[in-house]
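Subject: Structure handover and findings

Hello,

Here is the structure I promised to pass on. Please open it alongside this email.

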Amino acid sequence: MDQVKQMYINGEWVAAESGETLSVTNPATGETVGAVTFGDNRDAAKAIDAAHAAFASWSRLTARERSKYLYNLYELVRNSRDELAGIISAEMGKPLREAKGEVLGAADNFMWYAEEAKRVYGETIPSSVPNKRIMVLRQPVGVVGAITPWNFPVNMVARKIAPALAAGCTVVLKPAESTPLSAIRLFELIEQAGFPKGVVNLVIGKPEAIGQEFIDNPKLSKIGFTGSTRVGKLLMEGAAKQVKRVSMELGGHAPFIVFDDADLDAAVEGLFESKFRNSGQMCICTNRLYVQEGVADAFTEKLVERLKKAKVGDGRLKDTEIGPLVNERALAKVLEHIDDAKAKGGVLAAGGNRLVEGDYARGFYCEPTLITDVTGDMKIANEETFGPVVPLIRFSDEKEVVKQANDTRYGLAAYVYTRDNARCFQMAEQLEYGIVGINDGSPTQTQAPFGGFKESGIGREGGHFGLDEYLETKFVSFGV
């Protein structure tokens with residue numbers, strides 16, 4: 001804890017040009033768990049220079065050679081599961097069980113793209129002219145600037161850098177300032193895996209300054225970002241000045257729809273997984289719960305019972321199901337949404353309070369909360385809460401709920417519970433979302449496309465879709 005951790009540029013661990021440092025705090029206890037060097041655009045420029053210099057040789061390696069590095073990293077990350085999970089839990093509060101799952105998901109990304117690197121296929125196309133031949137090549141876009149959030153501080157990094165490296169790109173990563181320690185440990189493993197100097201670089205520092213360098217520096221060809229829609233729009237606007245490629249995974253406002261014919265026990269567990277995992281701090285987590293009138297009372301009763309059993313506490317404790325919010329600002333937003341709903345007629349069916357007694361006093365804890373009698377003018381019905389609070393809205397028919405579910409500028413994830421096969425397909429097709437979980441509260445997998453419609457983003461992560469985001473398509477015409 002006394003040692004200031006450094007950033008990783010061109011194969012070396014270095015301090016920020018500014019000499020500034022940043023303390024990292026555990027949101028469960030308020031204790032300082034580490035300190036890191038804290039840079040700016042100057043460090044980002046050096047990292048981009050290193051990545052640009054390394055691109056020529058890295059992109060010319062065979063796919064099998066790049067694959068070996070990624071497979072080595074997969075093994076190292078998988079074998080460091082417990083250590084990385086402990087760091088994640090300490091710096092952002094996630095329960096250890098969830099954190100271990102996150103690390104395994106990150107490892108799975110490195111393994112998947114170690115394999116997918118060997119499957120970047122081109123094409124030959126029949127020509128319309130007898131003396132010409134058409135060939136299509138897929139080539140890496142160049143240097144990638146990746147910006148990742150704090151809520152999945154290892155897996156989000158893997159989801160960006162694994163396909164970029166597999167495609168032959170070089171990378172500069174800027175992790176969230178709340179969670180730099182897990183990124184540093186991951187880069188120690190990257191160094192151990194033997195990646196050549198400059199291929200993967202880590203810059204920790206001021207978001208605005210580093211983001212602006214990513215936008216302005218002509219040596220950087222693409223920006224990959226996960227975060228708020230507001231920041232994503234600023235990055236897209238800036239990148240447009242150089243017609244710079246972007247991938248954006250932005251905000252969400254997911255509906256969770258329970259029909260009369262649903263398996264209510266399965267729906268309650270699916271909702272708990274979707275809404276309360278990571279303390280509700282997920283872009284795909286449920287924000288609006290719609291329950292059909294015929295089962296609304298029974299579902300509410302079952303959900304309240306489940307929430308009362310949920311153990312809230314320090315994520316490092318074995319029995320914790322719901323950890324703290326990441327910081328005081330996040331907690332304040334959650335409490336503001338609860339107070340606004342109550343002021344406008346919302347009824348607290350469970351929870352609703354900040355936990356402050358005993359060990360809770362030093363952290364940013366909120367009870368898992370269910371609000372009923374929700375109306376459309378409440379903030380919680382329109383804004384992304386990013387916390388362990390769910391508003392319940394009753395509905396009568398399918399057409400009505402589809403209209404309500406789609407009435408948002410977001411379109412990332414949606415969930416439906418029903419045992420009607422025809423309805424399953426109808427809802428999957430009608431919901432305007434990039435991800436739809438039908439009787440599935442946790443619909444993400446490494447090989448599947450992850451991304452949203454409307455203002456929830458542009459581009460996809462996962463599977464071959466994620467690899468495509470880092471490849472250019474080149475048409476070559478041969479005269480013969």
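Below is what I found, starting with the domains and ending with two single residues.

Please keep in mind that this is a predicted model.

**Domains**

The protein splits into two domains. Domain 1 covers 7-250 + 456-479. Domain 2 covers 254-438. Taken over C-alpha atoms, their centres are 31 Å apart.

How many residues of each domain are in contact with the other? Domain 1 brings 23 residues and domain 2 brings 26. Together the two domains bury about 2000 Å² between them. Carbon and sulfur atoms give 53% of that area. On the domain 1 side, P27, W150 and S456 stand out: they supply 25% of the area that domain 1 buries against domain 2, more than any other three residues.

**Across the interface**

There are 10 residue pairs in polar contact across the interface of domain 1 and domain 2, with both residues at pLDDT 80 or more. Three helices each supply at least two residues of the side of domain 1 that touches domain 2. They are helix 3 (81-92), helix 4 (96-116) and helix 8 (229-239). Helix 3 gives the most to that side, with 3 residues. By residue class, the side of domain 1 that touches domain 2 divides into 9 nonpolar, 8 polar and 6 charged.

The rule also finds 1 salt bridge across this interface. E31 and R316 meet in a salt bridge through their side chains, at 3.0 Å from N to O.

**Salt bridges in the whole model**

The total count is 32 salt bridges. Three of them are worth a look.

Take E17 and K46 to begin with. Their side chains form a salt bridge at 3.0 Å, N to O. E17 sits in the loop between strand 3 (12-14) and strand 4 (21-25), and K46 sits in helix 1 (residues 41-60), so the pair ties together parts that are 29 residues apart in sequence. Are these two residues buried or exposed? Neither label fits: E17 is partly exposed, with a relative accessible area of 44%. K46 is also partly exposed, at 34%.

Next come K302 and D265. The N to O distance in this salt bridge is 2.9 Å. The pair links distant parts of the chain. K302 is in helix 10 (residues 293-309) and D265 is in helix 9 (residues 264-276), 37 residues apart. K302 counts as partly exposed, at 32% relative accessibility.

Then there are R423 and E398. Their side chains meet in a salt bridge at 3.1 Å, N to O. Here too the pair links distant parts of the chain, 25 residues apart. R423 belongs to helix 13 (residues 421-430) and E398 to helix 12 (residues 398-406). R423 is buried at 16% relative accessibility. E398 is buried as well, at 18%. Both values fall under the 20% cut-off for buried.

One more point on salt bridges. E31, D314 and R316 are joined into one network by salt bridges that share partners. E31 and R316 are the pair at 3.0 Å given above.

**H253**

Where is H253 found? It lies in the loop between strand 12 (245-249) and strand 13 (254-258). H253 is buried, with a relative accessible area of 2%. Its side chain reaches the backbone oxygen of E383 at 3.0 Å. Not counting residues up to four places away in sequence, H253 touches N287, R288, I380, A381, N382, E383, E384, T408, Y410 and Y433.

**T226**

T226 is in strand 11 (residues 220-226). At 5% relative accessibility, T226 counts as buried. Which side chain makes a polar contact with the side chain of T226? That of K160 does, at 2.4 Å. Leaving aside neighbours within four places in sequence, T226 is in contact with I147, T148, P149, M156, K160, E249 and E461. W150 comes up again here: the C-alpha atoms of T226 and W150 are separated by 9.8 Å, with their positions 76 residues apart along the chain.

Best wishes

Conventions:
Residues are numbered from 1 along each chain as its sequence is written. This is a predicted model: local features need pLDDT of at least 70, side-chain atom pairs count only at pLDDT 80 or more; totals for chains, interfaces and linings use all residues. Side-chain values use heavy atoms; hydrogens and water are left out. Domain bounds come from an automatic or database domain assignment. Contact means heavy atoms within 4.5 Å. Buried area is the accessible area (1.4 Å probe) that two parts lose on being put together, summed over both. A salt bridge is a side-chain nitrogen of Lys or Arg within 4 Å of a carboxyl oxygen of Asp or Glu. A polar contact is a pair of N or O atoms within 3.5 Å; within protein, one must be able to donate a hydrogen and the other to accept it, and residues adjacent in sequence count only if both atoms are side-chain atoms. Helices (H or I, at least four residues) and strands (E, at least two) are DSSP runs, numbered from the N terminus. Ala, Val, Leu, Ile, Met, Phe, Trp, Tyr, Cys and Pro count as nonpolar, Asp, Glu, Lys and Arg as charged, and the others, Gly among them, as polar. Buried means under 20% relative accessible area, exposed over 50%, partly exposed in between (1.4 Å probe, protein chains only).
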